[in-house]
Amino acid sequence: MEALGINLSVLLTQLISFTVLFLILRKLLFGPISSMLQTRSEKIKESLEAAEKVKNEADESAEKLEKEINIARQEGQKLVQDARDAAENFRQQEMEKAEQESQEIISKANKAIEKERDLAIQSVRKEFSSLVISAATKVVDKSIDEKDHKDLIDKTLKEEINK
Amino acid sequence: MFLKPKIILILLALLSVFVISTLGGALGDSFGFGFLGGPMPFISIAAETVVHISTPFSYDLKNSTIMLWIAMLVIIILSWLATRNMKEIPSGLQNVFELIFQFWIDTADEAGGKSARRFLPVVITIFLGVLIFNWLGILPGVGSIGKVETVEEWVHHHSHSGHCGDDYKSDQILAELCVLEEDYNHGFVVFDTNVINIMPIGRGETTRAPLSAIGGYVPEDISNIKKKIKSGTSPSDIPELVQIQKNIHDGKVVNLYTKESDGTISPESYLGKSTGELIPYFRGASTDVNTTLAIAIFSMLAIQFWGFSSLGFKGYGGKFINFSHGPINAFVGILELFGEFAKTISFTFRLFGNMFAGEIVLISMGFLLPLIGMMPFMGLEIFVGMIQALIFSMLTLVFGVMAVTSHSEHDDH
């Protein structure tokens, strides 16, 4: 022990000094640094959580936006479809109407034509009967009176027309 | 490309430094140079006493204690600087300390979970303490700057300690005679100059003169003087003793002496030269067994405290004193008890051995190759100092974790 220099008073000095160092460091160094590390790690945790929250919110709103866009798109498509349908309907209706009108016009025109024709036939028949009477009169020279003559012609024409 | 004048100049400078250091060192000394060789410091395993206090109680202030206090001051100032102005975003010293703390927090979590964190104040104190003790011990000047103790002071101081100290209580002269008789072969450095209070330049180990050559006596003279004193003669009436006391007071080489190493007789030029003992003011705190033993005891006390506080007196004490489970368990308990002492001893001598050996390597290199020889070993010592600090504190942590682990848990599987 003597050769190694182990000496109780020196040993106690070193032991007490080292214990004092420990006590000082525990107060001076360990407290502040541990609490600093603690607060920093808490702060980092908090900010990470906040970031996570913000990210979630952003995700949520993006989802919502997407949904709304989808709805709007669907609505727009529906509107376009409706408009297209309406236009088609309208066209159909207009076409039908026009056809009807044209049909009416045609039938009206046909009727008018028929009437004209009847009138023309009547007048022609009138002219023609008188013409024939005059011609026959001239030929037979008053072989029959005018009234008999007329009846005969009418009868003939009627037969002729109904043939 | 290699022949640029600048590079040649650098190479020449390096070469000349190397040549100068080789010639000036111990190698050149054998060929008559050795102009840079300092006196080989007497490598003492025990720390040297710088100041001796005799009142109110006898106390030797060792140079390693001074160094311990300086290192404590350095650690405390560094921690004060680091924690004085703490910031959320760390910088400088705060960063360094936080890095160390974070390393130890992670290591503790790995070794014993979150509960191991309560060991950290002790573990980090040991780490920082041992690290700074080791590193301050490497500083130039530690172990080499000191005072010269005269032979008279040396004899007086040694008469207080050792077994000769027992004689001191009764008679100062007897105690000093005891030292002269026992340590007649103790070597003192011989100085080239008469001015002995500045660091001398000598020629290494060859310049040592034994105490008997300085006092001008042979051990038989002392036993004769002792007999005369014991028979009642007054010390001032013994002319031989008066002459020896005068010689010791002068501290000069008065006799030729035979060198122990090779049996040659010392040169006559040594006669009349001053002698003395080099006492460094500083000695690396961890190169003293007292310091390493103190840290080991501190560490083991902390470990026992953790063991008792977490397992209870019965739980932890049962590890050592265990007679209820048969003779084998009782024997194992005794082995465990010895194990705790073995841990203390291994803590002590691992650190002391490494640091003391490093110190000797540095001294030897400074002696062999002055100026440059120390440089690579300084780097090595910085590394070793950190590794030893790491080992000491890591083992404290691991032993702490082992101490708080319940013994019965081991028995279950």
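**Entry 1: A:Gln14**

I started with the neighbours of A:Gln14. Leaving out residues up to four places away in sequence, A:Gln14 touches B:Ser64, B:Thr65, B:Leu68, B:Asp288, B:Asn290, B:Thr291 and B:Ala294. I note that the model is predicted. A:Gln14 sits in helix α1 of chain A. Is A:Gln14 buried or exposed? I found a relative accessible area of 1%, so A:Gln14 is buried.

**Entry 2: α1(A) against α4(B)**

I stayed with chain A and followed its helix α1, residues 8–140. Its axis and that of α4(B) come within 10 Å, and they cross at roughly 80 degrees. I therefore logged α1(A) as roughly perpendicular to α4(B). From α1(A), the contact uses A:Leu29, A:Phe30, A:Ile33, A:Ser34, A:Met36, A:Leu37 and A:Arg40. From α4(B), it uses B:Gln94, B:Phe97, B:Glu98, B:Phe101, B:Gln102 and B:Ile105. By class I have 8 nonpolar, 3 polar and 2 charged residues in this contact.

**Entry 3: α3(B) against α4(B)**

Next I looked at α4(B) from within chain B. Helix α3 covers residues 63–84 and helix α4 covers residues 92–112. Their axes come within 7 Å and cross at roughly 105 degrees. This crossing makes α3(B) roughly perpendicular to α4(B). I listed B:Leu78, B:Ser79, B:Leu81 and B:Ala82 on the α3(B) side. Opposite them, α4(B) contributes B:Leu93, B:Gln94 and B:Phe97. The classes here are 5 nonpolar, 2 polar and no charged residues. I cross-checked the lists: B:Gln94 and B:Phe97 meet α3(B) and also take part in the contact with α1(A).

**Entry 4: chain B overall**

I then took totals for chain B. It has 15 helices and 6 strands. Of its 413 residues, 43% are buried. I also looked up sequence separation in the contacts. Among contacts between residues at least 6 apart in sequence, 69% join residues at least 24 apart.

**Entry 5: B:Arg118**

I picked B:Arg118, which lies in the loop between α4 and α5 of chain B. Its relative accessible area is 41%, so I put B:Arg118 down as partly exposed. Which residues does B:Arg118 touch, not counting residues up to four places away in sequence? I found B:Trp306, B:Ser309, B:Ser310 and B:Val404. B:Trp306 is 188 residues from B:Arg118 along the chain, yet their C-alpha atoms are separated by 9.2 Å.

**Entry 6: B:Glu149**

I moved to strand β3 of chain B, residues 146–149, where B:Glu149 is found. With a relative accessible area of 8%, B:Glu149 is buried. Setting aside residues up to four places away in sequence, B:Glu149 touches B:Trp154, B:His157, B:Gly276, B:Glu277 and B:Ile279.

**Entry 7: cavities**

Last, I looked for enclosed space. How many cavities of 30 Å³ or more are there? I counted 3. The largest has a volume of about 60 Å³. Its lining includes B:Phe133, B:Asn134, B:Gly137 and B:Ile138. Also in the lining are B:Gly284, B:Ser286, B:Thr287 and B:Met355. B:Gly358, B:Glu359, B:Leu362 and B:Glu381 belong to it as well. In chain B, α5 (120–138) and α13 (326–368) each supply at least two of the lining residues. I split the lining of the largest cavity by class and got 4 nonpolar, 6 polar and 2 charged residues.

Notes. Residues are numbered from 1 along each chain as its sequence is written. Chains are lettered from A and ligands numbered from 1 in the order in which they are written. This is a predicted model: local features need pLDDT of at least 70, side-chain atom pairs count only at pLDDT 80 or more; totals for chains, interfaces and linings use all residues. Side-chain values use heavy atoms; hydrogens and water are left out. Axes are lines fitted to C-alpha atoms, for helices over the stretch in contact, and angles run from 0 to 180 degrees between N-to-C directions. Helices (H or I, at least four residues) and strands (E, at least two) are DSSP runs, numbered from the N terminus. Angles under 35 degrees count as roughly parallel, over 145 as roughly antiparallel, 65 to 115 as roughly perpendicular and the rest as oblique. Contact means heavy atoms within 4.5 Å. Ala, Val, Leu, Ile, Met, Phe, Trp, Tyr, Cys and Pro count as nonpolar, Asp, Glu, Lys and Arg as charged, and the others, Gly among them, as polar. On a 1 Å grid over the protein atoms alone, a cavity is a set of points where a 1.4 Å probe fits but cannot get out, and a pocket is an open set with protein on both sides within 12 Å along at least five of seven lines; lining residues have an atom within 4 Å of a point. Grid points are joined across faces, edges and corners, and a volume is the space filled by probe spheres set on the points. Buried means under 20% relative accessible area, exposed over 50%, partly exposed in between (1.4 Å probe, protein chains only).
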